[in-house]
Amino acid sequence: MNKEYSRIAEELKRASILLVAVSKTKSTEEIMELYVAGQRDFGENRVQELREKYELLPKDIRWHLIGHLQTNKVKYIAGWVHLIHSVDRLELLQEINRQGEKAGRVIECLLQVYIAKEETKFGLSDEEMYSIFNNPQLKSMKFVRLCGLMGMATNTNDESVIRQEFRHLKNLFEDVKRDHFSETDSFKHLSMGMSSDYKIAGEEGSTMVRIGSLIFGERTN
Ligand SMILES: *Cc1c(COP(=O)(O)O)cnc(C)c1O
């Protein structure tokens, strides 16, 4: 039994924060250990690995895609993915909508916003994010549901930097919710916090954390 998992799962449950166990590079046996302990939400960052694990593991697992998604790979996961955290362009959203229609289901998505002070290729700027929510095409996309935002803080020991970045994301979230989703409760997920910063994320209003190494142990590959 994984003591660290039990402790963190308990702690997050008390705070009503959803734990997404990030299982990238981990074996199906390691995943099953947490499954048996009650964990159902798992996150992967690569489509190929996600598909393989989906095939092999129990069908009541809720699979989260947390890594960069290429447009041409949406079709492989559209039929069953639970939540895509990493939507970072309108073109991708359009393809998710197309594949959702084919699969006959509404696919829930988060927009990934770039909040860190680091070089990264992925994530929307604040302006790009606002422009997606303001895009009139969004209304006609019946097979995607935008449910919130995701972001990653700078990888630093300076807590105040991390806190400030999370606070900024929370503010964006509240802005969008007020301006675009005041009539519905579907816009409700704020996916922020990983092993090193999930406590700060929780204090700053996270509803969903993505934790890998802290519960599975360090990744070796
Ligand atoms: C790997 C990964 C995580 C988890 O990282 P840990 O530091 O192992 O908790 C969270 N979010 C994303 C997007 C990741 O790729």
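1. A polar contact here is a pair of N or O atoms within 3.5 Å. The model is predicted. With that cut-off in hand, the ligand site comes first.

2. Lys24 meets the cut-off through its side chain: one of its N or O atoms is 2.7 Å from an oxygen atom of the ligand. Ser213 also reaches a ligand oxygen, but with a backbone N or O atom, at 2.8 Å. Arg210 addresses a nitrogen atom of the ligand instead; a polar atom of the Arg210 side chain lies 2.9 Å away.

3. The protein buries 90% of the ligand's surface, taken against the 390 Å² that the ligand exposes alone. The ligand sits in the largest pocket.

4. Now the shell. Lys24, Arg210 and Ser213 are among the residues that surround the ligand. Val22, Ile66, Met152, Met194 and Ile211 are also part of this shell, as are Ser195, Gly212 and Arg219. By class, the shell holds five nonpolar, three polar and three charged residues.

5. Next, charge pairing within the protein. Side chains of opposite charge can pair when their charged atoms come close. The whole structure has 20 salt bridges. One of them joins Lys199 to Glu11, with the closest N and O atoms 3.1 Å apart. Lys199 belongs to helix α8 (residues 198–203) and Glu11 to helix α1 (residues 3–14), so this pair ties together parts that are 188 residues apart in sequence.

Note on methods
Residues numbered from 1 in each chain as written. Predicted model: local features only at pLDDT ≥ 70, side-chain atom pairs only at ≥ 80, totals over all residues. Heavy atoms only, no water. Near = heavy atom within 4 Å. Polar contact = N/O pair within 3.5 Å; in protein donor to acceptor, adjacent residues only side chain to side chain. Areas by Shrake-Rupley, 256 points an atom, 1.4 Å probe, with all protein chains shown as cover. 1 Å grid on protein atoms, 1.4 Å probe; cavity = no way out; pocket = protein on both sides within 12 Å on 5 of 7 lines; lining within 4 Å. Sits in = over half its atoms within 2 Å of the grid points. Nonpolar A, V, L, I, M, F, W, Y, C, P; charged D, E, K, R; others polar. Salt bridge = Lys/Arg side-chain N within 4 Å of Asp/Glu carboxyl O. Helix = DSSP H or I, 4+ residues; strand = E, 2+ residues; numbered from the N terminus.
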